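Trainee: Could we go through this structure together, with the reasons behind each term we use?
Mentor: Yes, let us look at it and then take the terms one at a time.

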Amino acid sequence: MSPHSATPPFGDRRYNAWNEATKARHGGRVQKVSVAAGFTCPNRDGLLGTGGCTFCNNAGFTPSYLDRRWSIHQQIDAGLGFLRRRYPRTRHFIAYFQSYSNTYGEFERLRACYEEALSHPEISGLAIGTRPDCLPEPVLDYLAELAEKHIIELEIGVESCNDAALARVNRGHDFAASEEAICRAATRGLEVTAHLILGLPEEDRASMLDGARRLSALPVRGLKLHQLELVRGTELARQWQQDPNAVRLLGEDEYIALLADFIEHLSPEIQLQRLGSEVPPKLKLAPQWNLRLHELPPRVTAELVRRNTWQGYRFGTGLLNASDGIHP
Ligand code: SF4
C-alpha cells in the first residue's frame with residue numbers, strides 16, 4: 001500500500017490485527033488458555049546463567065486462576081471455566097504454554113505435555129512460548145507435524161533487535177539467534193509470533209524503529225509488543241530503585257506515539273497480536289501510568305488517524321520517522 005493511497009487499509013483500526021485475521025481464517029475467535037507445564041529456562045537453570053533476564057518475573061505472566069500443581073487437563077478445565085464466562089461465543093481454544101521456555105527439556109517430556117493438552121476435547125491447538133536458542137531440529141520437526149492437524153503458534157521471545165540491549169538485560173542470546181530460529185521454524189511452515197519489548201535500556205527511538213525494519217525482513221506471522229514495565233523482584237527493578245537514571249521508562253503518550261511510529265515502519269503483512277502488557281498491580285513497580293490492554297488499540301488507532309497514516313505507511317520507503325516533516 002503506497003503512502004499516497006486514498007483509502008487507509010485495515011478498516012477502522014488502521015493496522016493488521018491478529019484477532020481479526022484469525023477470526024476470518026478460523027470462522028471465529030481463537031482464545032488462548034494458559035497452562036504451566038513446570039518447565040524452566042537455560043537462563044535460570046545454570047546452562048547460560050542462574051539470574052535470568054533482568055526484566056523477568058514469571059509470576060507477572062501467570063493468570064490468577066491457574067494452579068501449577070494441577071495436571072494440564074485440570075488447568076485447561078479451570079481456564080475454560082473462567083474464559084467461557086468472559087467469551088461465551090468463542091469457537092476455538094488453544095492451550096498456551098506461556099511461562100518459561102516451553103521447548104526446553106527432554107523431547108519425550110515436551111511431547112507428553114503437548115499431547116496431553118491436545119487430547120483435551122475442547123482444545124484445537126497450541127501456542128508455545130520459548131527462547132530462540134531452545135528450538136532443536138527434532139522439536140521443530142515435531143511441531144511442524146502437529147501443525148498439519150492443529151493450530152500451532154510458535155511464540156519466540158526476540159525481546160529486542162539490538163544486541164546492546166539484549167546484553168544489558170542479560171538475555172543470553174543475540175538478535176542473530178532470533179533471525180536464525182524464526183527462519184528455521186518458517187522453513188517448516190510453522191507460524192511464528194515474535195515477542196518484543198519496547199523501551200529496554202540501551203534502546204532509543206531510532207534503534208526500535210530499526211527493529212521494526214529488521215523484523216519486517218523476517219518470515220514472522222504475528223507480533224506481540226510490550227512496553228517495558230518494572231516488576232517487583234527483578235534485577236532491573238533493583239537497578240532502577242538504586243538509580244532511576246539507569247533505566248529510562250517511557251511515558252504514556254510517548255509509548256502511544258512510539259507504537260504509531262513502529263507500526264508505520266512495520267510490514268503490513270505482520271499481524272499485531274498485542275500492543276502492550278498489563279502486569280498485576282501488586283507486582284508492578286513502574287511506570288506509574290496504567291493503560292488497560294483494551295484501551296491501547298483505540299489510542300493507537302486515534303494517533304494513526306490523527307497522522308493520517310497506517311501500518312506499513314513507511315515500510316520500505318526509507319522515511320525514517322514521525323519527526324521528518326512528512327505528516328502533521
Ligand atoms: S524471560 Fe524467559 S528466558 Fe528470560 S529468564 Fe525469564 S523465563 Fe528465562
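**Terms and the values behind them**

Mentor: Let us begin with strand β1, which is mostly covered, since six of its six residues are buried. This is a predicted model, in which local features need pLDDT of at least 70 and side-chain atom pairs count only at pLDDT 80 or more, while totals for chains, interfaces and linings use all residues. Residues are numbered from 1 along each chain as its sequence is written.

Trainee: What makes a residue of β1 buried?
Mentor: A residue is called buried if 20 or more other C-beta atoms lie within 10 Å of its own, exposed if 12 or fewer do, and partly exposed in between, with the C-beta atoms placed from the backbone. On one side of β1 V30, K32 and S34 are buried, and on the other side Q31, V33 and V35 are buried, so by that definition both faces are covered. In a regular strand the side chains alternate between the two faces of the sheet. Over the whole protein chain, buried residues make up 42% of the 328 residues.

Trainee: How do you know that β1 and β2 pair?
Mentor: Two strands pair if DSSP finds at least two bridges between them, and β1 and β2 are joined in the parallel sense over six bridges, so they satisfy the definition. Within this pairing, I94 in β2 is the bridge partner of K32. Likewise, β4 (residues 151-159) and β5 (residues 191-198) run parallel and are joined by six bridges, with E153 standing opposite E191 in β5.

Trainee: Why is the sheet called open, and which are its edge strands?
Mentor: Its seven strands follow the order β1-β2-β3-β4-β5-β6-β8 with parallel pairing, and β1 (30-35) and β8 (271-274) are the edge strands because each pairs on one side only, pairing being judged by those bridges. The strands are DSSP runs (E, at least two residues), as are the helices (H or I, at least four), and both are numbered from the N terminus. In total the protein chain has ten helices and nine strands.

Trainee: What makes the protein chain as compact as a globular protein of that length?
Mentor: The radius of gyration, taken over C-alpha atoms, is set against the globule rule, which is 2.2 Å times the number of residues to the power 0.38. For 328 residues the rule gives 20 Å, and the protein chain has 19 Å, which is close, so the protein chain is as compact as a globular protein of that length.
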